[in-house]
Every structure is written in structure tokens, then in C-alpha cells.
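User: I'd like to learn how to read a model like this one, feature by feature. Could you walk me through it?

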Amino acid sequence: MREEVAISAERRSIRRRVRVPFPNWATLINYARRAIPLLTVIAVLFTLWEGSKRLFDISDQKLPHVGDIIAVFAVRTQGGAGPLLIVQMLNNAWATFGVAFGGFVFGGLLGFALALLFANVRLLERGLMPYVIGSQTVPILAIAPMVVVGLSSMGAPVWIAKAVVAAYLTFFPVTIGMLRGLRATAPTEVDLLRSYAANTRQVFFKLRLPAALPYLFASLKIAATASVIGAIVAELPAGSTHGIGVVIINAAQYYNSRPPALFAAVLVAGLVGLCFYGLVILAERLIIPAGLRREE
Amino acid sequence: MTAAVISVDRVSKIYAGSNTVTALRDVSLEIAPGEFIALIGPSGCGKSTLMRLIGDLEQPSSGAIRVKGKSPRQSRLDRDYGIVFQSPVLYEWRTVRKNVELPLEVMGFAGHDRQERARAMLQLVGLGDFGEAYPWQLSGGMQQRVSIARALAFNPSILLMDEPFGALDEMTRERMQSELLNIWGDTGTGTTIIFVTHSISEAVFLSDRVVVMSPRPGRIDRVVPIDLPRPRDITTRESPRFFELITQVRESLREM
């Protein structure tokens with residue numbers, strides 16, 4: 001049949017894509033091609049940064065040179081006796097990442113549970129949704145100290161208190177995205193399973209959950225970066241000893257003596273969020289079958 | 001006539017609401033085992049509703065439906081129905097084979113049995129090579145064939161088809177009709193088919209009886225017996241009797 005010929009050509013191209021051995025020229029060239037836009041943006045940013053310094057005569061105190069920011073990573077801490085600044089920052093970033101991850105998992109589960117609850121009980125959605133939305137309009141900066149101090153005084157480990165702040169930011173997008181996903185099934189898709197006399201559990205695992213996954217991952221990507229913000233904000237109240245948030249605070253305090261350090265700290269904080277985002281994308285690729293990604 | 005496999009007795013369906021709609025009023029119909037019934041009529045005549053009532057996807061407001069001597073609900077729980085909708089309703093995260101296996105998974109068939117049946121069904125609808133493709137990689141006609149394979153996979157005794165070829169172009173449509181008759185003949189176990197359509201030629205070509213329905217309120221106007229010999233093929237479409245019957249159905253539709 002004619003349509004089958006066209007389809008089989010497409011299928012062949014898909015098979016070829018799958019069976020390509022990893023290190024070959026086509027893949028390498030493809031990677032290089034993908035890197036071009038990224039490198040271009042970096043070059044443009046660099047030019048804008050250094051150009052505006054020159055053009056508007058901005059002092060090094062206000063806007064350090066890009067080179068100085070990079071160079072500060074290689075400075076030894078503790079007056080030359082400690083590890084490199086980059087090592088110290090990455091250690092702190094790792095601590096923040098741990099807290100963010102804890103909050104991400106906790107907030108993700110909470111959001112998932114709320115979405116399940118709301119999807120099944122309309123009354124609960126009507127009653128609780130305003131508070132869920134309201135919770136996100138309260139500035140996190142005001143909530144964080146209360147949570148951290150409050151939970152710590154109740155004897156909870158500090159990292160848990162911080163993770164709760166991160167979870168506070170992450171449960172919301174997950175609730176909204178998952179709820180939307182759980183409602184994304186067409187009536188006929190449910191009718192189909194009904195006609196097989198499927199039970200509620202089967203309807204959930206064979207239809208509702210897989211149909212919701214793309215929505216879930218979209219919201220997890222937002223949640224991933226939000227959890228890093230939450231973790232950093234939770235490190236700001238006095239008493240924290242490590243975390244990239246602490247590094248940022250310290251660098252801000254000593255800004256006058258070493259401006260590039262603050263920029264470097266912010267750069268590392270951004271890196272944490274980026275890595276987390278990348279992890280979610282990786283998980284998405286592992287869970288959602290490759291054949292579904294039609295645009296690639 | 002042998003005992004009816006499906007009997008619809010003075011069934012009404014009323015959708016209450018701000019403007020109450022009487023989708024069906026006093027509909028009665030007896031369907032024999034292994035019969036191919038076409039439901040035809042303009043939109044709003046309740047033909048899909050009647051199909052959904054028989055399949056227990058909705059409940060009648062009054063009247064009674066018996067399927068194989070049981071309530072429609074019991075028949076649904078006994079997995080007597082295979083349903084094909086107007087759109088293929090394939091789960092896009094499943095491969096073609098896994099879509100055909102879906103009812104078998106729900107019904108607890110063993111793994112190797114599932115694969116065996118899915119392969120056989122895909123072979124039957126001419127898609128033997130496409131088991132590992134995803135639905136989006138297939139054309140509309142091929143997708144609908146997958147949904148037919150899925151409906152047949154667990155060997156249901158009653159096939160409910162709601163305008164299954166409605167979205168296809170005329171050429172594909174005619175080919176699918178012939179294929180459906182072939183498959184129906186091949187299964188050989190006397191599957192009863194209720195086929196909803198708004199195409200007169202489709203209804204006449206496929207069925208043993210065409211049930212002509214009219215709207216507001218939805219009701220059965222006339223039942224036209226189709227005495228075209230089987231197996232039917234391209235020569236059936238060109239026979240004078242085919243055109244006579246089409247005219248007959250068209251006139252019943254016009255009289256309402």
C-alpha cells in the first residue's frame with residue numbers, strides 16, 4: 001500500500017537514528033552544531049558586559065571584568081592557606097544541592113498528592129485551592145526565617161528545615177501541572193477502558209498517570225529551579241554555616257574588598273539550578289519512551 | 001428468527017438540564033446473533049446514544065435493554081463488547097502492539113498470549129510490520145485499523161462501531177469497509193456488529209439491516225433489510241440492487 005511505503009521510509013530513518021554507534025562523525029558534528037548558539041550567546045554577553053564597561057565608564061568596583069571574575073575562582077581561601085575558592089564554592093553548592101533535592105522530593109510528593117486529591121474530590125479543590133495559591137503570594141523571604149527558626153527550635157535538623165522552605169516553592173507548580181495532566185484525558189479514552197471493565201487502579205496506571213507525565217515533567221522543570229531558590233533563601237537567615245547562600249551573603253559583606261567574589265558566587269548558584277534542571281530532563285528522557293519525542 | 005442477542009425495549013434517554021433534550025424516545029429493536037446492523041440518521045437522531053446505551057457507557061432513562069439475556073452492565077463486566085470510536089483513541093505513549101495489547105492487559109491475559117494475539121490481530125488488519133511503531137507514525141486509516149485490531153483482540157461477541165470511518169477520505173473509506181467485511185467473515189464466530197454511520201452507501205454496503213433514525217426526539221423510523229448477497233465486494237457496489245437499496249434508504253431519510 002502506498003501509505004505504508006511512505007511510513008516505512010520514515011520508520012527506517014528512525015531505526016537508523018537509534019542504531020548509530022556513539023562516537024561517529026555525524027553525531028559529533030551534530031553536537032558541534034548545537035553548541036554554536038550557546039557559544040554565540042556567551043560571546044554576545046561577554047561583548048555587552050565589557051563593552052558597556054568601556055562605553056559607560058563603569059568602575060571595576062561596580063562591574064568587575066569577566067576575566068577577574070573567572071580569576072577569582074583560582075584564589076586560595078583563608079589568606080592563602082585554604083583550598084581554592086572554586087573548590088570551596090562547589091563544596092557549598094553541593095550542600096545547597098542536597099537541601100534543594102530534599103525539598104524537591106518532599107515538595108514534589110506533596111504536590112503530587114494534592115493533585116491526586118483535588119482531581120478526585122472537587123469539593124477539596126474548591127476548599128483548598130485558594131490557600132494553595134495564597135501560599136505562593138506570601139514572600140518566601142518572610143516565610144523562610146520563620147520556618148527555619150521554628151523547626152530548628154522544635155529539634156528538627158537544620159537541613160530539614162531548609163528543605164521545607166525549598167518544598168514550599170516546589171509543591172505549587174507540581175500541584176498545578178499534575179492536576180492539569182490528570183484532567184488531560186479525553187472522555188473516549190476513559191470510555192475505552194470502561195468497556196474493558198477496567199477497575200479504578202487500572203484506569204489510573206494505564207491511562208491517567210501516563211497521560212499526565214508530560215505535564216508533570218513540565219512542572220518538575222519549574223520546580224527544580226524553584227527548589228534551588230528556596231534552598232538558597234533558607235540559608236540566608238543567621239546561623240547557617242554552609243551552602244551557596246552563605247557564600248553569597250559573605251561575598252556581599254566583603255564586596256568592597258573583593259567585588260568579583262560576589263559575581264562568582266552568583267554564577268555558581270546559577271550553575272546549581274542549571275544542573276538540577278538538567279537532571280530532570282535526563283529523568284524525563286529515561287521515563288518517556290524515545291519514540292514519543294517526535295520533534296527530534 | 002433465532003433468539004435476539006440484543007433486545008432494546010421501549011428505551012428512552014432524556015438529558016435533563018436547563019434545556020432538556022430527549023435523545024431517544026420509545027426505541028425498540030431486536031438484533032439477531034451474528035447480525036450486522038447499521039444505525040443511520042442525521043446528527044441528533046440518537047444513533048450514537050443508542051450504541052452507547054447498549055454498550056453500558058450510558059444508562060437509559062426508561063425502558064430495558066437485554067444483551068445475551070443479561071443487563072448491559074453485566075455484559076460489559078463479562079467483556080462482551082469491543083468498541084471502535086470515530087477517532088482511533090490510541091494511547092500515544094504506547095506502541096501499536098502495546099495499544100492492541102491494552103484490553104488483554106486489563107483482562108489479565110498472560111504475557112506470551114498477549115503478544116501472540118496482538119501479532120495475529122495486526123496481521124489480520126494488514127499491519128503486521130508496524131507493531132513497534134508509535135501511533136503518530138501511522139496514517140489515519142492505519143490508526144483506525146489498529147483500533148479495530150484492538151477491539152477484536154479479546155474476541156468479543158459484540159462489536160460496537162461509532163462512525164469508525166467518518167474521518168477518512170472516500171477511497172480509504174471504501175477499502176476499509178471491504179476489509180472490515182473480510183475480517184468479520186474471517187473471525188467466523190458470528191460476531192454481532194452495530195455500526196453507526198451517516199453514510200447511506202456505507203450502511204447499505206456493510207449491513208444486513210439498516211435502521212433509519214430521525215431526530216427530535218430520536219426514534220427509529222424504519223428498518224430496511226439489505227438482501228445483497230455475501231461476500232460483498234466491488235461488484236456489489238456496481239449492482240443495480242445496491243442502488244435500489246440506497247434509494248430506498250435515502251427516501252426513508254427524506255420522509256422524516
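User: How many salt bridges are there between chain A and chain B?

Analyst: First, the ground rules. This is a predicted model, where local features need pLDDT of at least 70, side-chain atom pairs count only at pLDDT 80 or more, and totals for chains, interfaces and linings use all residues. Residues are numbered from 1 along each chain as its sequence is written, chains are lettered from A and ligands numbered from 1 in the order in which they are written, and side-chain values use heavy atoms, with hydrogens and water left out. Now, a salt bridge is a side-chain nitrogen of Lys or Arg within 4 Å of a carboxyl oxygen of Asp or Glu. Between chain A and chain B the count is three. One to look up joins the side chains of B:R52 and A:D191, at 2.9 Å from N to O.

User: Which helices of chain A supply residues to the side that touches chain B?

Analyst: Helices (H or I, at least four residues) and strands (E, at least two) are DSSP runs, numbered from the N terminus. Here α1 (2–19), α8 (187–195) and α9 (200–235) of chain A each supply at least two residues. The most comes from α8(A), with seven residues.

User: What area is buried between chain A and chain B?

Analyst: Buried area is the accessible area (1.4 Å probe) that two parts lose on being put together, summed over both. For this pair that's about 3,000 Å², with 59% given by carbon and sulfur atoms. On the chain A side, A:R194, A:Y196 and A:K206 supply 22% of what that chain buries against chain B, more than any other three residues. As for contact, meaning heavy atoms within 4.5 Å, 26 residues of chain A touch 35 residues of chain B.

User: Let's move to sheets. In what order do the three strands of the open sheet in chain B lie?

Analyst: Strands of a sheet pair through backbone hydrogen bonds, either parallel or antiparallel. The working rule is that two strands pair if DSSP finds at least two bridges between them. In this sheet the order is β2-β1-β4, with antiparallel pairing. That leaves β2 (21–31) and β4 (62–67) of chain B as the edge strands, each pairing on one side only. Follow β1(B), residues 6–15: five bridges link it to β4(B), with B:S7 partnered by B:R66. Towards β2(B) there are seven bridges, among them the one from B:I6 to B:I31. β1(B) and β2(B) also make a hairpin, with five residues between them.

User: And which strands make up the six-stranded sheet?

Analyst: That one runs β5-β6-β7-β3-β8-β9 in chain B, and its pairing is mixed. You can see both senses in it: β5(B) and β6(B) are parallel over four bridges, whereas β8(B), residues 209–214, and β9(B) are antiparallel over six. For landmarks, find B:G82 with its bridge partner B:L159 in β6(B), and B:V211 opposite B:V223 in β9(B).

User: Why is α1(B) described as largely enclosed?

Analyst: Buried means under 20% relative accessible area, exposed over 50% and partly exposed in between (1.4 Å probe, protein chains only). Seven of the eight residues of α1(B) are buried, so the rest of the structure largely encloses this helix. B:R52, the salt-bridge residue from earlier, is one of those buried residues. Angles here run from 0 to 180 degrees between N-to-C directions, with axes being lines fitted to C-alpha atoms, for helices over the stretch in contact. α1(B), residues 47–54, packs on the three-stranded sheet at about 120° to β1(B). It also lies across β3, β5, β6, β7 and β8 of chain B, at about 150° to β7(B).

User: Last one: which peptide bonds are cis, and where is phi positive?

Analyst: Most residues other than glycine have a negative phi, and most peptide bonds are trans. Against that background, a cis bond joins B:R216 and B:P217, with omega about -10°; B:P217 sits in the loop between β8 and β9 of chain B. Another joins B:R230 and B:P231, with omega about -5°. As for phi, B:D26 has a positive value near 50° and lies in strand β2 of chain B. B:D26 is exposed, at 52% relative accessible area. B:N155 has a positive phi of about 60°, in the loop between α5 and β6 of chain B.
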